[in-house]
Structures are given as structure tokens and as C-alpha cells.
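Dear colleague,

I am handing over the structure below, and I would be glad if you could keep it open while reading the notes that come after it.

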Amino acid sequence: MKVSLSWLRDYVDIDMDVEKLADMLTMAGLEVDSVQDRYDYLNDVVTGCISSVEPHPNADKLKICLVRTDDRDYSVVCGAPNADQGINVALALPGCTLPDGTTIKPGTIRGQKSQAMLCSAGELGLGPDFSGLMVLDANLKPGAPVNRALDLSDPVLDIDLTPNRPDCLSFLGVAREIAGFTNTGIRRPVLSSSLKGNGNINDYSSVTIESPDHCPRYAARLLDGITVGPSPFWLQDRLMSIGLRPINNLVDITNYVMMETGQPLHAFDFDNLEENRIVVRTARQSEPFTTLDGKQRVLEDDMLMICDGKKPIAIGGVMGGLNSEIEKKTKRVLIESAYFDPISIRKTAKRLGLGTDASHRFERGVDPHGALYAIDRAAQLMVQHGGARLIGETIDQKTKLARPEPICLSVTATNKVLGLNIDEQKIAELLKSIEFKVDIAEPGALKVSAPSFRVDITRPQDLMEEVARRYGYDQIPVTFPSFAASSLSMGNLPVQRQRIKEILKGAGFNEAISYSFINKTSTDKLRLPAQDSLRNMVQILNPLSEDQAVLRTSLIPGLLEIVQRNNARQTKTMLLYEIGKTFISKQSGKLPRETELLAGLWTGNRDEGGWHGKPEPFDFYDLKGKTETLFGQLKISNVKYTRLPDEDCIYTRAGASAQIHLNDQMAGIIGEVHPQVLNAYDLKQNICIFEINLIQLIDQLPQTITSSGLPKYPATSRDITLIVDKVVEAGAITAYLLQIKEQLVEGVVLFDLFEGDPIPKGQKSVSLRVTYRSKDKTLDDATVNELHSTLSQKLIKTFEADLPA
């Protein structure tokens, strides 16, 4: 909402500078985004004195004027009849942009150079006169910017209003706020007693409301003998000050009254109305209609239409039709002032993609009792500036318009919520200053009735907010909780979550943040069985789109969509992780089960290559190594990877998937994404993913970290190769060796795995390296060989293994 200070002063006395006013409004909840003087463009228009005038050698009606400023002379070609030597004029310098959008540039006119432009008052937006140069006072010093020389200043405040304050979408609304804070009154324009008019509008027209739910009130007034033409300059200037383009006197008056009162109006050419009557109804399904902007719209059956006796003439509350617009030949005008259902207007404007100043106000809620004042105000201005004759009476069709119910406000509760200590008299004074009706119902309680234009006031908490605004947010004392800070604890989770992020960042991962809302088809893309718990999704009642229709039950769909978007932009290699909650629906009426997960993926190459070699694609074990790095950095030692059974490989590939166990509890999975899932997401390259329960992970973090001294004696190692069944996991073999807890065994590493000839079919070769070390002495070969042989025999027996031939 743009507010011109000079226009605002028509309604309220303002005795403070604009910076203080902007700060006051902001602290009152009407945030002022910016303040800009509307005459700033005149900084590039300076005063100048015409020192000489010569006829143009190639044009009879043009002159060549030499104009002197404070530092130089400009040669200007000019056709104004009053361009005389010795007068002071307004000179627009190169680069200046005039109100009509013209940018001044040096040029050549009929063979003569023109370095600037001499301006009329109309061209500068300072008056209606375009007939000749604007002649300035002879005492003005040449070279001064015209806005300073003429003391022209009109700050325009750009106010960012919240949707619950439609009452301030008008100059009277903003003036009302200022008057409340400065303890002054507002000057509401007085309606003339001559508005009774002659005759009776009911003899000429009628209004029928067929959709009272969409249109609770529709008022109309009729004028005839009107002359359509330009608006007076003061009216044009008011509209231009806030960025509205003047059109003609009738349209300008409806716009002026809308900005003044907040009530949108519309003017119809009465002679273009079939049967000279108005019918308010909803549209027929797929009914076509051409709006004032010349575009044809296809309507739906719940959109409100304003019609005459045979056809639609406007989309109610949004935009008028081309078939009833005001033209130069218009002689009779019907003015509309209505109250439309905000929800209906919001839906219509959104579906048609047609936002207007009128719909902006109607969809937020206008004063249902302000329609008659606005229509009378517009009629009065049309009589004054259009030469119209007013037809008597007003058609006012309406259902029962509800008045705001009184609200009981507790003084004790108000002070408790706001942290204040004020009595009921002070609260009543604050609310009355912004036109609330307040009665003291009983000691400590007020009965408050909100004015009809405050459609946002429905409960005691709304009144408390008004008290806080009027008292001053910056005047409310700062208080702190009365309990000891030591009783507040963020817990361990945020700290450990950040620690995990830092480790993954160091391992080369980038953090991804995806929406908690996903497409319902994501579970189908993941190949989830019909009875899988991950299909128990929470439905969003009013989703923004189909892609955000349900709450996610897994982080994997969001990560795969991120890969798809990046692949489409030629980013092929990615290491991503995300920490977030999933939501699994339980019984109806109960809150969903929330689980915080850590998920990650790798796709593309192990490295990008370069002069030292070609890029190498990553594999499953690269990502497994990243998770092992995470567990190692977290000092979690009881980690085990086991083969994920083929029947449980839903969105991962069988044979390339594993379960992650922490302290013998299943905590997550890791594996290659199934080819069908890749196809569903239109992904062309291999991806490996992992998903871990974050709470289980953090629960396994050691409470204390122990350390041991550096070994004094050297280690030695022995290798063993076993031939085992293909289904035997190498990890199980290494885990078995460590579980024996042989004191001299320091570590076990798998260094080779082989299948194929000469290994028998259905079997594989597993090669391990066992490291031995004593903390008391240097081990001799005999001791190590004997222990190694013993361990080898245990492995052969336990895993039914053979030694290589």
C-alpha cells in the first residue's frame, strides 16, 4: 500500500517528520518498507535562464534557445510560443526521466543540435498546462534543482501490510491509525446534502441477488447527463502520486474513492446494460467472458458474476467486462458498491490468475457496512467533476449483515500475556482511540465491540494485540524467565547432530535439505509392497501441489529427486546427506510416528580424474567406507554389516545391499538403488544410498573415551585364505576372530575376495590378514605360528571351510 504524505494530510494532522512517522507506523504493525520522495526525478531538472533566442533556420515554428545554468550554457531547440529571452525556465538535463517515461537525450532536430529539453508544467507533472514553458520566478538562482527551488517534496510511504489488516488498505485507514497514536481526530470527507437527487432509481433499474452466500450486499446509484473527460489535475495528481494511471474522470473517481475508503467500486455504462438491471449470480460452467484487459476467460460454476438482464458484465469483485466499460459517449452511469464473500473472491482471482486492486481488498475483507458511504462519496464527486445529474435513492439489496459480537476482555489475562500492569481505564482508553466501543462490564473485565471495518477482531487475543500495539511494543518492559538458566538444557541431540554433520562434511558430503512434503506416488517409485508401513502416509488437507500432497515416510525420494535435477544440469558426481524427520501415520485421529533419520547417497565417480589418470566410477564399497569413517570418528565400535536378504531388497539391488547393525540392533540399510527405482526417477547412472536411524546412532555413542599407550613392541602379521560357501559373509569371519578376544590378536583385515576358476562353483576364496602384537614382549615366530594355526583350525571348523589346494 503506497501512501502519499500530502494526500494523507487531507485526513489527519501530521506534525512529525517522515522518518519518525515511518518508525511509528512500523512499531504499530504497519511496516514501512521504504520512503521515497515522489519529486526525486526533478533532481535532474534545473532552473535556467534563456539568454538568447534565435529562429530555427529549417523550421518556422521552432526556435533555438541558449539556456544558461550555473556552470554552462545549453543549446535547446524549442517550439513553445512563450520561449522568450530573459525568462527563467525548467531545463531537463540529459538522463532525466519525465513522469510519462520519456528519457532526455541529446539529439539533432531539423539539423540543429539540442542538448536538453525545456519543459511545460504538464510535462513535469506539476500542472495541467502543456501549452507553453513553465515560467519560473525571476529571482530563482540558475542551476538549482527544480524540486528544491520550488520547495517540492511529497514523501510516499510503501507500507507492507499483513493480510489481517485490510482496514489499512485505504488512506482513511492509515489516517485512523495515526490519529489513534497522536491523539488527534481524522477528517472524514463530508457528504453533501444534495445527494438526495431527483426521481427514484427503482423506476429505472433493479438488483437481484441470486447468490447471497457469494454476495451478501449489493448497492447501486444512478447518474445521467454525465460528460466523460479528463479528471481535474488535483485528482490525477493524487492517483499518480501512488502509481495509478489516470484514465478518465469516472474511472479515476472510482479509483480515488477506493484508495480513500478501502471500498472498491465499479462504474457501468447504464445504456449498455440489457434490460437496465443487475443480476448477481454464479457463472455457468465453462462460460466464456472477456474482461476489461481484452482477454477471454473461461469461468467455473462457483465464480461470482455481475450480469445484466441477459449477459455477464463483470467478474464480481475482480474485474469488469469489456462489454460495459465507460466510453467517451457514455451519458448514464450505474455505480456498484458491494460486499463480496472474501473466500469466493480469493478462489476466483487465484484460479483466473487475475489479481487486481479490487480483488486484493475484497479477498481480505472490506467493511460490510461501508458500501453506502463509498457509493455516495463517488456519486458526489461525479456530480462535481462530471456534470452529472443524480437520480434519487439508492438500491441496497442485502441479507442480514452481522455486526461484530462484543468480546469479553480480562484485564488480568491481558497484563499476564503482555507483561504489563495497566488498569481497565487505560486499556479502555487505548482501544477507544482506534474507534473500538468499550464498556466496563465488571471490575477487571471489559466488554469490547470492534468497529465493522476491523474484520480481523474475533477473540480476546486479538484485543490484547491491539492493546500492545497502542501501548507501544517498544514500551513493553523486557523480562526474563524466573527460573534458573541451569534448568534449561538443549540435550545431547543438537550437539551430536552437528558433530555428525561436521564429520560427513569432512568426508566430502554436501548437506541436502528437501521438503517434508512429497508426491504420493513416491512409494510406488520405491517399489514398496502394499502392506509396507512406509505406505502409511499422512495426507495434507490443502496441498500446494500434487508434488507436496503427503508427508514423507523416507528421506530417499527427496534425495533421488535432487540427483535427478542436478543430473539434468550436467552435475553427475554427488555425495549428499540429509538429516530429517519422517512421518508414518497411525490410527485415525492420532499424531503420526516421527522418526529422525540420517540418509546419504553417492553417485558418479570416485574422483574426477585429471592428468594423472582417468575418472574412476565409485562402487558400493566406497559408500560403505564412508559410513565406516563416520562410525570410526564417532568412536562406535560395535558396528556390523550383514547381507540384506533378497526378499527384503525393495528399493535396493539384491546382492548389493546390507543391513547396518549397531550393538546387534538393526539400525539402517546400505546398498545400490534398484534399477527399476532409477528408471522411475529418470536416472541413468548408478546410485548407492544409506539410511540410518539417527536416534539409534546417537544412543550408541560412548559416554567416555578410553585410551591406551603407544605399543612398545613390534607387530607381526600372518595371512590365511579360506574356501567357504558363497553365502558366508566375510564380515562374519572377521567378526568371529575378534570375538574370540585373543589378547595377541590386534586386528583383522580382509584383503582379497575371489570367485571363479579354480574355486569350485558356489564357493569363494576369502583372504584375511591377522595382526599379532604383545604389550609385554617381542613375539617370536614359533608363538605366532602356533596361535595362527589354532585360529585357522577354529575358522575351518566354524565356517566349514577348506584351505586352498
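The notes that follow go through a sheet, a helix pair, a buried aspartate, the aromatic pairs and one enclosed strand. Please bear in mind throughout that this is a predicted model.

I begin with an open sheet of five strands, in which the pairing is mixed and the order runs S12-S15-S18-S19-S20. Strand S12 (207-209) and strand S20 (319-320) stand at its edges, and because each has a single partner strand, one side of each is left without a neighbour in the sheet. At the S20 end, the partner is strand S19 (residues 312-315), which runs antiparallel to S20 and is joined to it by two bridges; within this pairing, isoleucine 315 stands opposite methionine 319 of S20.

Turning to the helices, helix H2 (residues 18-27) packs against helix H4 (residues 171-182) with an angle of about 95° and with the axes 11 Å apart. Since angles of 65 to 115 degrees count as roughly perpendicular, H2 and H4 are therefore roughly perpendicular to each other. On the H2 side the contact is made by Leu21, Met24 and Leu25, which meet Ile178, Phe181 and Thr182 on the H4 side. Taken by character, the residues of this contact comprise five nonpolar and one polar, with no charged residue.

A charged side chain that you may want to look at separately is aspartate 376, which is placed in helix H9 (residues 371-386). Aspartate 376 has a relative accessibility of 17% and so counts as buried, the cut-off being under 20%. Leaving aside residues up to four places away in sequence, aspartate 376 touches Leu191, Leu195, Arg221 and Thr394.

As for the aromatic rings, the structure holds eight aromatic pairs. One of them is formed by phenylalanine 620 and tyrosine 621, an edge-to-face pair at 5.2 Å centre to centre and with 85° between the planes. The two residues of this pair are placed unlike each other with respect to the surface, in that phenylalanine 620 is buried at a relative accessible area of 10%, whereas tyrosine 621 is exposed at 57%. Another edge-to-face pair is that of tyrosine 736 and phenylalanine 799, with 5.8 Å centre to centre and 90° between the planes. Because tyrosine 736 lies in helix H19 (residues 730-739) and phenylalanine 799 in the segment after helix H20 (781-798), this pair ties together parts that are 63 residues apart in sequence. Here tyrosine 736 counts as partly exposed at 22% relative accessibility, while phenylalanine 799, at 15%, counts as buried. Ring pairs also link Trp7, Phe171, Trp234 and Tyr256 into a cluster.

Lastly, there is strand S37 (residues 687-693), of which seven of the seven residues are buried, so that S37 is largely enclosed by the rest of the structure. Both of its faces are covered, with Ile687, Ile689, Glu691 and Asn693 buried on one side and Cys688, Phe690 and Ile692 buried on the other. S37 pairs with strand S31 (residues 593-603) in the antiparallel sense over seven bridges, and in that pairing leucine 597 has asparagine 693 as its bridge partner. Strand S36 (residues 665-673) is likewise antiparallel to S37, over five bridges, with glycine 668 bridged to isoleucine 692.

With kind regards

Conventions: Residues numbered from 1 in each chain as written. Predicted model: local features only at pLDDT ≥ 70, side-chain atom pairs only at ≥ 80, totals over all residues. Heavy atoms only, no water. Pairing = 2+ DSSP bridges. Helix = DSSP H or I, 4+ residues; strand = E, 2+ residues; numbered from the N terminus. Axes fitted to C-alpha atoms, helices over the stretch in contact; angles between N-to-C directions. Parallel < 35°, antiparallel > 145°, perpendicular 65-115°, else oblique. Contact = heavy atoms within 4.5 Å. Buried < 20%, exposed > 50% of the residue type's maximum accessible area, 1.4 Å probe, protein only. Phe/Tyr/Trp six-rings, centres within 6.5 Å; stacked < 30°, edge-to-face > 60°.
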